[in-house]
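Please walk me through this structure in plain terms, starting with how the chain is divided, then the ligand, then one residue in detail.

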Amino acid sequence: MPNAQTKSVSDKPVIRENVNLAPLNTLGVEAVARRFVEIDHPNQLRQLHDDGFFDRQIPIVLGGGSNLLFLNRPDRPVLKMSVSGRDIEAREDGSVLLKAGAGENWHQLVKHSIEKGLGGIENLALIPGTVGAAPIQNIGAYGVELKDVFHNLTAFEIETGKFRTYTAAECNFGYRDSIFKRELKNQVIVCDVTLQLTKNAHDLNVDYKGLNDHLESKKISDPTIKDIFNSVVEIRRAKLPDPSDIGNAGSFFKNPVLSEEQFETLRSNYPEMPSYKVGDDEYKIPAAWLIEKAGWKGKRVGNVGTYKNQALVIVNHGGATGEEIYNHALKIQESVRNTFDIDLRPEVNIVGNES
Ligand code: EPU
């Protein structure tokens, strides 16, 4: 790959003013960045550092813009990571390392891995966004999370201006969570990510109910990684709106995790409630079910709505402001709290209401 860090020449980054962010966020919210810089080579981060760019304000880092909501015109500069490059390295143990630049499109990377016969990320097909954003929230779908195939990543430390490698253990991955959303928030910028994939003897994950049902309906009993990839693409296309047709940021909230006690109380009232046991005494409840039960599925209020095929997805029917979308989310939160006594937590990053 264009091993970006060792490439010696890179153009000086151009800082632009008053850049329209609407095409750069999948919710399609209007917002203007006072200062904007696009990075297509990691060395440009060091140049910015040496020029004092990071001294005044820490930038908002933008990947595919598929997991954030701009509440208003951001004060902080916006830094778009567009570093490209892919590299495959075979290892002695038969596994393969696939390294990709932070700005690569995630789904294109999954497609590339299938074309090369590499297994491990087929369940993560069609997740919007970039490679660099994937570890931040430990993307996951259909029984697989990024952490299951993660090898390491290179990140730029804003304060020191140095590059550092983080192993899986150092990333502290959790459900849609990592150290980059917590202790290291606003401190590092992911430059590339390396995944450890299988060349042979793929470890297939077909237990997720929706995926299993879909494969059965296609009469596929011994699926290949390509079959799984195709199934996930079909399921997602049927349930989730395409941001190029209708603005959205995927699941707006995380699925809440309840203690055994909370879970039992709720189940006695709603015996039909779906749930997944996680850990010894905790249960994950689909937020989509709670939202649907609270009466929000397919509901539209002004320019904002809850998607007709998946109640966890908030959509911009056109022209919605960040604030309108945020208020819609607050109303959903409030009604789920009133109905079930459960607090939904946003999965998307809300930019503009941080301290
Ligand atoms: N359900 C409803 N109403 C709905 C949709 C779903 O009641 O409108 C119930 C059904 O019982 C269904 C269950 O919720 O079986 C789970 O639904 P689904 O399989 O669509 O998954 P999810 O829990 O809503 C999570 C991820 C998705 C990921 C899918 C598939 C989170 C926050 N979301 O959604 O990730 O694609 O599982 O693995 O964990 C994303 O993060 O942006 C995202 C789309």
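**Domains, ligand and one buried glutamate**

The protein is split into domain 1 (15–81), domain 2 (86–198) and domain 3 (247–351), with bounds that come from an automatic or database domain assignment. This is a predicted model, in which local features need pLDDT of at least 70 and side-chain atom pairs count only at pLDDT 80 or more, while totals for chains, interfaces and linings use all residues. Residues are numbered from 1 along each chain as its sequence is written, and side-chain values use heavy atoms, with hydrogens and water left out.

The centres of domain 1 and domain 2, taken over C-alpha atoms, are 21 Å apart. To the contact between them, domain 1 gives 15 residues and domain 2 gives 17 residues; contact here means heavy atoms within 4.5 Å.

Where does the ligand lie with respect to domain 2 and domain 3? Both domain 2 (86–198) and domain 3 (247–351) give residues to the shell around the ligand, so the ligand lies between them. There are 24 residues around the ligand, of which Y142, Y175, Y208, E292 and Q310 come nearest; a residue is near a molecule or strand if one of its heavy atoms lies within 4 Å of it. By class, the shell has twelve nonpolar, five polar and seven charged residues. In this scheme Ala, Val, Leu, Ile, Met, Phe, Trp, Tyr, Cys and Pro are nonpolar, Asp, Glu, Lys and Arg are charged, and the others, Gly among them, are polar.

Three residues of the protein come within 3.0 Å of ligand oxygen atoms through N or O atoms: R236 and E347 by their side chains, and A311 by its backbone. Of the 820 Å² of accessible area that the ligand has on its own, the protein covers 83% (Shrake-Rupley method, 1.4 Å probe; for residues, only the protein chains shown count as cover). Two or more residues of the shell come from each of β8 (140–141), α6 (225–239), β13 (247–251) and α8 (287–293). The largest share, three residues, is that of α8. Helices (H or I, at least four residues) and strands (E, at least two) are DSSP runs, numbered from the N terminus.

E145 is found in strand β9 (residues 144–145). Is E145 buried or exposed? E145 counts as buried because its relative accessibility is 17%, and buried means under 20% relative accessible area, exposed over 50%, and partly exposed in between (1.4 Å probe, protein chains only). Leaving aside neighbours within four places in sequence, E145 is in contact with L124, N138, I139, G140, G174, Y175 and R176.

Key
Polar contact = N/O pair within 3.5 Å; in protein donor to acceptor, adjacent residues only side chain to side chain.
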